[in-house]
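Me: Please give me a close look at one part of this model: the charged side chains and who they pair with. I'd also like to see how that part fits into the rest of the fold.

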Amino acid sequence: DVEVGDRINVFTDNEEFTFVVSNRMILPELFVDVKTRLENARWLAKSEDTRLTLVTCWPAESNTHRLILVAVPVIED
């Protein structure tokens, strides 16, 4: 149910980080060619920016697609 613009809080032992979802994608995973799967996998690669990337199967009872959420840090003034 997470949508673009939603906030995600990540907690460590002594810090809290807030991210805002900037991208929500549902990408095919099964029954697609290798080129498509590699293109989808780029969202899991190391990036030059700071981001939080969450990946899960979609729909919940299947593994035909991946739901990928990309969130960027919230900079509080």
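**The salt bridges and their setting**

Reply: R37 counts as partly exposed, because its relative accessibility is 41%, a value between the limits of 20% for buried and 50% for exposed. Keep in mind as you look that this is a predicted model. The partner of R37 is E29: the two form a salt bridge in which the closest N and O atoms are 2.9 Å apart. E29 has a relative accessibility of 13%, so E29 counts as buried. This pair therefore joins a partly exposed arginine to a buried glutamate.

How many salt bridges does a search of the whole structure find? There are 3, so let's turn to the others. R42 pairs with E39, and here the closest N and O atoms come to 2.6 Å. R42 is partly exposed at 44% relative accessibility, and E39 is partly exposed as well, with a relative accessible area of 44%.

R51 and D49 also meet through their side chains in a salt bridge, at 3.1 Å from N to O. R51 is partly exposed at 31%, and D49 is partly exposed at 38%. D49 has a further link, since its side chain makes a polar contact of 2.9 Å with the side chain of S47. S47 sits in the loop between helix 1 (34–41) and strand 3. Why is S47 called partly exposed? Its relative accessible area is 24%, which means that S47 falls above the 20% limit for buried residues. So D49 makes a salt bridge with R51 and a polar contact with S47.

Now for the sheet. It has 4 strands, is open, and follows the order 1-2-4-3 with antiparallel pairing. Strand 1 (7–11) and strand 3 (52–58) are the edge strands, each paired on one side only. From one strand to the next, the twist averages 35 degrees. Strands of a sheet pair through backbone hydrogen bonds.

At one edge, strand 1 and strand 2 (residues 16–28) run antiparallel and are joined by 5 bridges. A hairpin of 4 residues connects the two strands. You can pick out the pairing from F11, whose bridge partner in strand 2 is E16, and from V10, whose bridge partner is F17. T18, also found in strand 2, adds a side-chain link: a polar contact of 2.9 Å joins T18 to N9. Beyond its neighbours within four places in sequence, T18 is in contact with R7, I8, N9, V72, P73 and V74.

At the other edge, strand 3 and strand 4 run antiparallel with 7 bridges between them. Here the hairpin has 6 residues. T56 is a good place to begin tracing this pairing, as its bridge partner in strand 4 is L67.

L67 also takes you from the sheet to the nonpolar interior. Together with I8, F19, V21, L52, L69 and A71, L67 makes up the largest nonpolar core, which has 7 residues in all. Strand 2 and strand 4 (65–73) each supply at least two residues of this core, and strand 4 gives the largest share, 3 residues. Another core, of 5 residues, lies apart from it, with M25, W43, I68 and V70 among its members. Nonpolar side chains tend to be buried together in soluble globular proteins.

L52 helps to tie the picture together. Leaving aside neighbours within four places in sequence, L52 is in contact with I8, V10, F19, L69, V70 and A71. Of these contacts, V10 is the residue you met as the bridge partner of F17, while V70 belongs to the core of 5 residues.

To return to your charged side chains, the pairs to find in the viewer are R37 with E29, R42 with E39, and R51 with D49. Of the glutamates in these pairs, E29 is buried and E39 is partly exposed.

How values were computed: Residues are numbered from 1 along each chain as its sequence is written. This is a predicted model: local features need pLDDT of at least 70, side-chain atom pairs count only at pLDDT 80 or more; totals for chains, interfaces and linings use all residues. Side-chain values use heavy atoms; hydrogens and water are left out. Two strands pair if DSSP finds at least two bridges between them. Axes are lines fitted to C-alpha atoms, for helices over the stretch in contact, and angles run from 0 to 180 degrees between N-to-C directions. Buried means under 20% relative accessible area, exposed over 50%, partly exposed in between (1.4 Å probe, protein chains only). A polar contact is a pair of N or O atoms within 3.5 Å; within protein, one must be able to donate a hydrogen and the other to accept it, and residues adjacent in sequence count only if both atoms are side-chain atoms. A nonpolar core is a set of buried Ala, Val, Leu, Ile, Met, Phe, Trp, Tyr and Cys residues joined through side-chain atoms within 4.5 Å. Contact means heavy atoms within 4.5 Å. A salt bridge is a side-chain nitrogen of Lys or Arg within 4 Å of a carboxyl oxygen of Asp or Glu.
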